[in-house]
Amino acid sequence: KGSRGEPIISYNGFYGIQKISNLPNVLTPDEFYQYKSSREPGSVTTSEQAVYDAKAFPNWVDLATRQGTKTQHTLGVSGGNNKSKYYISGTYLDVKGIAVNDQFKRISTRVNLESNIKKWLTLGSNTQLSFNDRSGLPATFGDYTGAFRFNPLTTAFNADGTPTIYPWPQDLFFPNPLAPTLAGNIDQVYKVITNNFLNVEIPFIKGLSYRLNTGIEYTSRGQKTYYGANTRTGLQLKGDLSIANSTRRNILVENIVNYSRSFKKHSIAFTGLYSMQDEVSRGDNLDANGFPNDVLTYYQANVASSIRPSANYSKTTLLSQMGRLNYSYDSKYLLTFTARRDGFSGFGDNNKYAFFPSLAAAWNISSEKFMSESKVISNLKLRASYGSNGNQAVNPYNTLARLSTRSYVDVASTLPGYIPTSLGNPNLKWETTVAANLGIDFTLFNGRIEGSLDAYSKNTKDLLLLREISSVHGVSNVLQNIGKTANKGIELGLNTINIQSKSFTWSTTLSLSRNRNQIRDVYGDGKNDTLNQYFIGQPIDVNFTYKYGGVWQLTDDLAKAPAGTKAGFAKVVDINGDGKITPSGDRVLIGSRQPSLIYGVGNTFTYKNFSLYAFIQGVAGTSRVNSLISDDVQNGIRNNTFQKNWWTPTNPTNDYYANVIGANVYGVNIYGKDSYARLKDLSLSYNFPSNIIQQLKITRLKAFASARNLVTLTKWTGLDPELDSQQDIPMQKEYVVGLNIGL
């Protein structure tokens with residue numbers, strides 16, 4: 001926002017590079033050749049043998065990655081007088097990601113204005129315009145066709161230096177992982193976000209004011225992709241085109257009435273709200289293929305042999321009314337009562353509205369006379385609250401049974417057809433959480449230590465969850481209000497000044513949180529839902545599966561093993577001891593997806609004009625399947641695999657079963673701990689001294705350098721413990737230098 005006074009011109013900019021923090025270990029080309037030759041003799045094809053004999057192995061990961069760069073420049077001006085203030089800025093951001101052809105550009109401008117038209121009337125506007133360009137498709141990494149697992153006995157480039165269409169001529173299923181970089185792609189977004197307000201102090205009623213807030217967000221996105229004959233997709237389909245144009249419009253209008261009065265030691269304040277939020281999304285799509293040539297790329301849908309247009313539309317409306325009453329006595333005892341009523345168009349006709357009341361109280365203990373002599377405590381406040389709130393985070397039209405188009409060909413004509421894709425649920429309603437919170441705010445030793453401690457309990461009913469059902473209905477799930485859950489937790493926030501002297505200061509910011517959630521009920525009958533993995537007394541998100549028991553060894557009695565078991569096969573723990581491995585008797589809960597602790601610690605060291613900031617963030621107590629070690633060998637050995645400590649007769653390990661087809665009969669997963677501690681940010685800055693600033697005739701000059709994701713401590717053997725996908729674009733380290741200048 002602007003500030004009153006002479007205009008100030010500011011510049012903030014930085015440049016950074018990005019490097020891959022960790023890569024998975026896959027078999028080397030020589031190891032893959034030996035692995036394929038020994039597992040399936042005769043399976044090495046002529047082209048694979050030629051690559052091996054020539055030792056012309058492509059390093060697919062190196063070819064699909066690069067050193068990323070990131071730069072941003074912001075130029076702004078702010079100022080104002082006794083009636084108005086303003087801030088205007090323009091920003092340019094350019095990011096080239098670590099995946100080849102992964103890039104993003106944004107140009108944005110911001111205009112913030114506030115003006116006191118009259119003593120009783122204030123107008124303001126905060127508006128941002130932006131153009132985002134993320135054109136270009138990056139090289140692929142994940143699944144069977146990506147760089148991580150691509151067959152190393154293949155050819156990446158033709159003799160003329162262009163990427164091959166079929167890197168493995170004997171297996172035309174596999175496209176070149178670099179093929180997306182050859183596709184023409186436009187992906188551009190224009191966005192307008194504007195928030196405008198009007199505030200009226202009612203002249204003839206002291207303490208009464210009215211505020212009107214309006215917000216509009218409008219987004220227009222245009223996407224075009226064309227695969228030509230230089231890619232497998234384009235060659236097979238004689239050119240493949242997809243076009244998608246979409247718009248999204250979100251309007252928010254808030255009418256707020258405020259009234260406040262004080263008399264003697266009492267003060268009251270009332271806030272009334274009536275708001276409306278309306279969101280509309282539209283989309284028009286076109287898929288086409290079969291073109292005479294690639295010359296016109298995106299602009300030749302009219303000559304395609306196959307054209308498939310489609311469109312989509314959705315609208316939601318949220319109406320809210322709220323009343324809040326605040327009371328204070330002598331600034332010591334505080335009460336707040338809030339009641340709100342919310343209505344959402346996405347729910348059933350009889351359940352669109354819900355009522356959510358809450359009550360909060362606070363006691364400023366440090367304001368009491370008996371605390372006036374304390375030399376340790378300068379602020380102490382006790383808080384308590386109890387109330388409910390709602391969640392309407394569902395897509396529109398979930399209360400309706402819906403059909404999707406499935407057109408079909410009748411002789412030479414294409415006719416419209418429809419299939420069911422969802423079941424209706426006219427009883428869908430608000431998810432409701434009733435929460436109680438007890439907290440304390442404190443400041444000790446004249447501000448050297450300050451913080452807050454909160455303990456809470458939340459009980460949620462009518463959860464909005466997808467329930468798996470038998471596909472005999474034509475669909476496999478339905479959205480319902482089911483179950484009850486409970487959350488209990490504690491959160492600590494702490495700011496400390498550890499050392500403070502004339503030239504040196506060390507301060508620390510600490511946050512700790514622990515939350516335990518559990519299912520209290522599923523369908524009201526006290527029974528678990530094994531299909532959806534909902535278990536009463538357990539968290540919502542669990543690891544429920546067979547337990548890996550190591551490997552069947554040559555010394556084991558295989559007569560006690562399931563039929564067909566051989567030495568080197570994966571062993572599943574027989575939980576119920578019946579000698580059989582069955583889903584009903586031998587699946588168990590393994591580890592937890594619920595962190596036992598989430599924490600963040602930031603330390604700031606300031607010496608004269610230098611400042612060093614280090615922030616560590618971490619999660620403890622979680623585990624999950626490591627997809628990097630769950631890629632079992634398949635017929636044909638068409639993909640590379642991640643290195644593991646496989647069982648062999650000469651290496652009788654229990655870490656991983658034999659690298660042969662059928663060794664994991666029951667598909668048992670191997671879980672790993674993904675807790676971690678990460679140095680997320682390490683920043684060094686220097687504020688130039690006033691004498692230099694005066695000589696340069698500027699108001700501010702600051703230089704900084706920072707590194708992000710620098711060090712990670714973890715037992716996780718996957719790509720990265722923070723990432724959901726372990727086979728996609730990897731996490732990167734980032735190194736940045738920049739300047740902040742005020743003129």
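Where is aspartate 102 found? I looked this up first in what is a predicted model, and I found aspartate 102 in the loop between β3 (84–96) and β4 (103–118).

**Entry on aspartate 102.** I noted a relative accessibility of 27% for this residue, and because partly exposed covers the range between 20% and 50%, aspartate 102 counts as partly exposed. Leaving aside residues up to four places away in sequence, I listed its contacts as Arg66, Val95, Lys96, Gly97, Pro138 and Ile729. I also checked threonine 181, which lies 79 residues from aspartate 102 along the chain, and I recorded a separation of 8.8 Å between the two C-alpha atoms.

**Entry on threonine 225.** I then turned to strand β7 (residues 208–227), where threonine 225 has its place. Is threonine 225 buried or exposed? I entered it as buried, because its relative accessibility of 13% falls under the 20% cut-off. Its side chain is joined to that of asparagine 185 by a polar contact of 2.8 Å, and Asn185 also appears among the residues that threonine 225 touches, including Ala183, Gly184, Asp240 and Tyr298.

**Entry on β20 and its partners.** I followed strand β20 (residues 477–500) to strand β19 (residues 449–468), to which it is joined by 19 bridges in an antiparallel arrangement; here I noted that alanine 455 has isoleucine 490 in β20 as its bridge partner. I next followed β20 to strand β21 (residues 504–521), again antiparallel, with 16 bridges joining the two, and I found lysine 484 standing opposite aspartate 521 in β21. I recorded β20 and β21 as a hairpin with 3 residues between them.

Conventions: Residues numbered from 1 in each chain as written. Predicted model: local features only at pLDDT ≥ 70, side-chain atom pairs only at ≥ 80, totals over all residues. Heavy atoms only, no water. Helix = DSSP H or I, 4+ residues; strand = E, 2+ residues; numbered from the N terminus. Buried < 20%, exposed > 50% of the residue type's maximum accessible area, 1.4 Å probe, protein only. Contact = heavy atoms within 4.5 Å. Pairing = 2+ DSSP bridges. Polar contact = N/O pair within 3.5 Å; in protein donor to acceptor, adjacent residues only side chain to side chain.
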